[in-house]
Amino acid sequence: MWTQGWTSLRDAQEWAAPALVDADRDVIIAASTAAGKTEAAFLPILTNLLNDTDSAGAVLYISPLKALINDQWDRLSRLCERLDVPVVAWHGDVSSSRKQRFLKSPEGILLITPESLEALFVNRGSSLPGIFQNLRYIVVDELHAFIGSERGKQLQSLMQRVELVVARTLPRVGLSATLGEMSLARMFLRPVHPDDITVIESKSTGQELQVQVRGYIERPIQDVVTEHISQSGVVDVQASSEEAQARGNISGSRTAIAGHLYKVLRGHNNLIFPNRRQEVEWFADRLRLLCEQDGLPNEFWPHHGSLSKDLRQDAEQALKAGYPPASAVCTTTLELGIDIGNIKTVAQIGSPPSVASLRQRLGRSGRRPGEPATLRAYCRERPLTDQSDLSDQLREGLVQTIAMIRLLIEGWFEPPRSQGMHASTLVQQCLSTIAQLGGASATQLWSILIASGAFASVSKADLIALLKCMGEKELIVQDSSGLLLPGELGERLVNHYEFYTAFTSDEEFRLLRDGKQLGSLPISKPLTKGQRIIFGGRRWEVQDVDLEAKVIVVTAAHGGEPPQFEGLSAQVHDRVRQEMRSVLMETIPCPFLDNQAQKLLEEARANFHAMGLYAKSIVGSSNASHLLTWRGDYTNDALALLLKHKGIQCESTGLSLEVAFDENDTRRALRVVGEMDISDIEPILADVENLIREKWDWALPPSLLMRSFASSQLDLRGAIETARMLSD
C-alpha cells in the first residue's frame with residue numbers, strides 16, 4: 001500500500017477486511033471493473049496467512065481463464081514479493097517443474113482453472129489430503145462467468161469435493177463485477193447455506209457514460225458497383241463486382257463502419273467487439289490496411305480464442321504498453337478482468353450478446369479519474385423492399401441495441417439462468433469421483449455430488465437410472481461388493497486429456513506458418529489447397545492440408561476471406577424484448593442515436609404502428625401469421641415446441657413466431673396450448689431431434705436427458721402463461 005502511494009482504501013476494500021481476515025465466513029465482493037476487488041480479497045487473506053504462522057497457509061484461487069491466471073499471477077506476485085508467500089500458477093501452459101514445487105511444499109496461493117483442478121482429482125486422488133492440507137480459503141474470480149453453465153456446475157461440485165478431502169468447511173470468496181441477482185450468486189457459492197454469506201457491494205458509482213449509436217444501411221450491391229465504376233473508370237461489371245466484395249461487405253456498410261472506427265479510434269487504446277470471429281478477422285485486417293495506406297504503424301490487433309497464445313499475448317502486451325496506441329478487435333476473450341491498461345472507447349458492432357456482457361465490456365473504459373466510459377455502437381440494417389421480413393421492418397438489430405443500452409443505463413442486466421439440472425456434468429463428476437477414490441458406491445456418489453447441493457434437482461431415482469445407463473454404455477461396472485469402477489469405455493475416457501472439461505469443444509486444425517502455430521480452425525470448416533484466408537488480422541494462402549495430422553500450412557499472401565467460425569449469439573431475455581416494445585411504442589427521439597440511426601428508428605416505429613402492433617400481437621395473412629409475444633428466446637422456443645406438439649406448424653425466428661394459421665386460428669391454437677399440462681414433458685419432447693447439446697448428454701437415460709434439456713433450454717411455464725395471455 002505504501003509503495004503504491006495509496007492514501008485511502010476503496011469502499012469494498014475497507015468493508016472486506018473485517019469480513020475476511022478471520023477466515024470464518026463466506027463472502028461475495030461485487031464491484032465494478034478496476035474497483036480493486038483482487039486487493040479487497042487478498043489484503044485480508046494474506047494478513048490471515050501471516051498472522052497465523054504456526055502452520056503453513058494456502059489459498060485456492062479459481063479462475064475461468066488461463067490468461068486471467070497469468071495476469072493475476074503477475075499482480076499477486078508483486079503484492080507478495082516482500083511477504084515470503086509463494087504464488088503458483090497451474091494450468092496447461094505452466095511447466096511441470098513449477099507445479100512440482102507446489103506439490104512438494106503446498107503453501108501460498110495456487111491459481112488454477114476448474115479443468116486443472118479436475119485433473120488433480122482424477123490423477124492425484126490419493127495425494128489430495130496432503131496437497132490441500134494447508135488450505136484456508138477458496139477464492140472464485142469472475143463468479144458471474146460460472147453461474148448457470150455446465151462449467152459452473154462442475155466448479156460447484158469441485159468446491160464441495162475439496163472440502164470433503166480436507167474434512168472441514170473452507171470459507172468461499174466470490175469476486176465479480178456483474179451479478180444480476182445476488183440471491184443466485186449466494187446459491188451458487190454455497191448451495192446449502194446461501195443466507196449465511198456476507199455480501200459486500202461497492203457503492204462507487206456515478207461514472208459518466210458517453211454513448212452513440214450509429215446506423216448504416218446495407219446498400220444493394222449494384223449501387224456499390226456503380227459508385228466504384230464512377231470513381232475508378234472500371235467498365236467490366238463482373239470484375240468490379242468481385243472487387244467490391246473483396247473490399248468489404250457486399251453492400252459496403254461494413255467498409256463504412258471500418259472507416260469510421262479508423263477515424264475516431266486511431267491514436268488511443270480501444271476495444272472493438274464484433275459478434276463473430278470472422279468479423280474480428282475482417283475488421284482487424286481492414287483496419288490494418290488503412291494504417292498501411294496512410295503509412296502508419298499498425299494499431300489494430302485481433303484477439304479471439306482460436307488464435308495462438310503468442311498472437312493473443314501480442315495484442316494484450318500492445319494494450320498494456322499504452323504507447324504506441326493499440327486497439328484490440330476481439331470477442332469475449334477480453335471481456336473478463338485481464339489487466340489491459342486504460343481503454344478510451346468500447347466499440348460494439350451489432351447487438352451485444354446481452355446487457356450483462358455490454359456492462360462487462362463497458363467496464364473496461366473510463367478507468368482514469370474523471371474520464372467517462374465511452375460506448376460507440378454500430379448497427380447495420382438492410383434496405384426495405386416488398387419482400388422484407390418482419391425483423392427488417394421493425395429494425396430488430398437496432399431496436400435491440402437501443403433497448404439493451406437503456407437497460408444498461410437503468411442498471412438492469414440479465415440474472416444467470418441457474419435452474420438447469422446439468423445432468424451432463426453429473427456424468428463427468430461421477431466418473432471423476434470414482435477415479436479419485438479408486439471406486440465408489442452409489443451411496444457415496446449421492447452424498448458427495450447431490451446431497452451437498454451441487455446437483456440438488458437430481459433425485460435418488462434419477463441417480464439410479466443414470467448409473468444404470470452408464471453401466472449399459474460401459475462407462476462404469478459394479479463389482480461383487482457393489483463398488484462402482486470405471487468400465488472399459490470409462491477407463492479410456494477418464495485417461496483422455498479432454499476429460500477434464502465439462503463443455504464440448506470441436507476438433508480443430510492447427511494453422512502453421514514456417515513451423516510456427518498461428519492458431520486453430522474448426523475441423524467442421526475445412527480449407528482447400530490454394531485457398532486464401534484472413535487469420536490473425538493478416539492474409540494467407542493455404543499451401544498444404546494434412547487431414548490425418550489436422551495441420552494447415554500457410555504462407556503470406558494478398559487477398560483472402562475470413563474462415564467460418566461459429567457465432568457468439570446469446571439467448572435474449574424476456575426483459576430485453578419488453579424494452580424493445582417500449583422503444584417502438586414511444587414517439588420521442590432517442591438521444592444517443594446519430595441521424596441515420598434515428599431515421600431507421602422512425603421507420604421501425606412507423607411500421608410498428610401501421611401494423612397495429614401497439615394493440616395486437618398477431619399480424620399476417622389468411623394462411624400465415626407472425627406472433628409477437630415480446631418474450632425472450634427461452635419462452636418463444638418453448639411456445640413454438642408446444643404448438644408443434646399440438647400439430648401446428650410453427651417456427652421461432654427470434655423476435656416472432658411464424659405460425660401456419662390465420663389470426664383467429666392462431667388464437668384458438670394458443671388457447672389449446674394454454675390448457676396443456678406440462679408436468680410430463682416426455683411426450684412433448686419426444687420428437688425433438690437435437691436434445692443432445694452438452695458433452696455427456698449421450699450417456700443420459702432418455703427421461704433425464706429430456707428434463708435436463710428442458711431445464712436449461714426452455715421456459716415451459718412462461719410459454720403456457722404467454723399462450724393464455726395472448727389467446728384472450
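This is a dialogue between a colleague and a modeller about reading a predicted model.

Colleague: Where should I begin with the chain as a whole, and what is its radius of gyration beside that of a compact globule?

Modeller: Since the model is predicted, I would begin with overall dimensions: a compact globule of 728 residues would have a radius of gyration near 27 Å, and the chain has 27 Å, which agrees. The C-alpha atoms fill a box of roughly 80 × 65 × 55 Å along the principal axes, and the secondary structure comes to 27 helices and 24 strands. Buried residues make up 54% of the chain, while residues 24 or more positions apart account for 73% of the contacts with a separation of 6 or more.

Colleague: How do I read a single helix, and which residues of α11 are buried?

Modeller: One can set the span of a helix beside the expected one, and α11, residues 253–265, reaches 18 Å from its first C-alpha to its last, close to the 18 Å expected at 1.5 Å a residue. Its buried residues are Ser 253, Arg 254, Ile 257, Ala 258, His 260, Leu 261, Tyr 262 and Leu 265. After the helix comes Gly 267, whose phi is positive, near 100 degrees.

Colleague: Arg 254 carries a charge, so which residue forms a salt bridge with Arg 254?

Modeller: Side chains of opposite charge can pair when their charged atoms come close. In this model the partner of Arg 254 is Glu 279, with the closest N and O atoms 2.6 Å apart. Glu 279 lies in helix α12 and Arg 254 in helix α11, so the pair ties together parts that are 25 residues apart in sequence. Both ends count as buried, Glu 279 at 5% relative accessibility and Arg 254 at 11%.

Colleague: What does the salt bridge between Arg 513 and Asp 514 look like?

Modeller: There the closest N and O atoms are 3.7 Å apart; Arg 513 counts as partly exposed at 33% relative accessibility, and Asp 514 counts as exposed at 71%. The structure holds 33 salt bridges, and Arg 406, Glu 410, Arg 575, Glu 579, Glu 586 and Arg 605 are linked in a network of them.

Colleague: How far from Lys 37 is the nearest side chain of opposite charge?

Modeller: That side chain is Glu 142, 6.1 Å away, and Lys 37 is buried yet has no salt bridge, the cut-off for which is 4 Å. Lys 37 lies in helix α2, residues 37–51, and, leaving aside neighbours within four places in sequence, is in contact with Ile 29, Ala 31, Ser 32, Leu 175, Ser 176 and Ala 177.

Colleague: Turning to strands, how many bridges join β18 to β19?

Modeller: Four bridges join these antiparallel strands, and Phe 535 stands opposite Arg 538 in β19. The hairpin has two residues between the strands, where Gly 536 takes a positive phi near 65 degrees. The side chains of Glu 541 and Arg 532 meet in a salt bridge at 3.3 Å, N to O, and Arg 532 counts as partly exposed at 42% relative accessibility.

Colleague: Which backbone details in the loops deserve inspection?

Modeller: Ala 167, in the loop between α7 and β6, has a positive phi of about 60 degrees although it is not a glycine, and Ala 167 is exposed, with a relative accessible area of 70%. Glu 474, in the loop between α19 and β14, has a positive phi near 65 degrees and counts as partly exposed at 45% relative accessibility. Finally, a cis peptide bond, with omega about 0 degrees, joins Tyr 323 and Pro 324, and Pro 324 has its place in the loop between α13 and β11.

Methods. Residues are numbered from 1 along each chain as its sequence is written. Side-chain values use heavy atoms; hydrogens and water are left out. The expected span of a helix is 1.5 Å times one less than its number of residues. Buried means under 20% relative accessible area, exposed over 50%, partly exposed in between (1.4 Å probe, protein chains only). Lys and Arg count as positive and Asp and Glu as negative; His and the chain ends are not counted. Contact means heavy atoms within 4.5 Å. Two strands pair if DSSP finds at least two bridges between them. The radius of gyration is taken over C-alpha atoms; the globule rule is 2.2 Å times the number of residues to the power 0.38.
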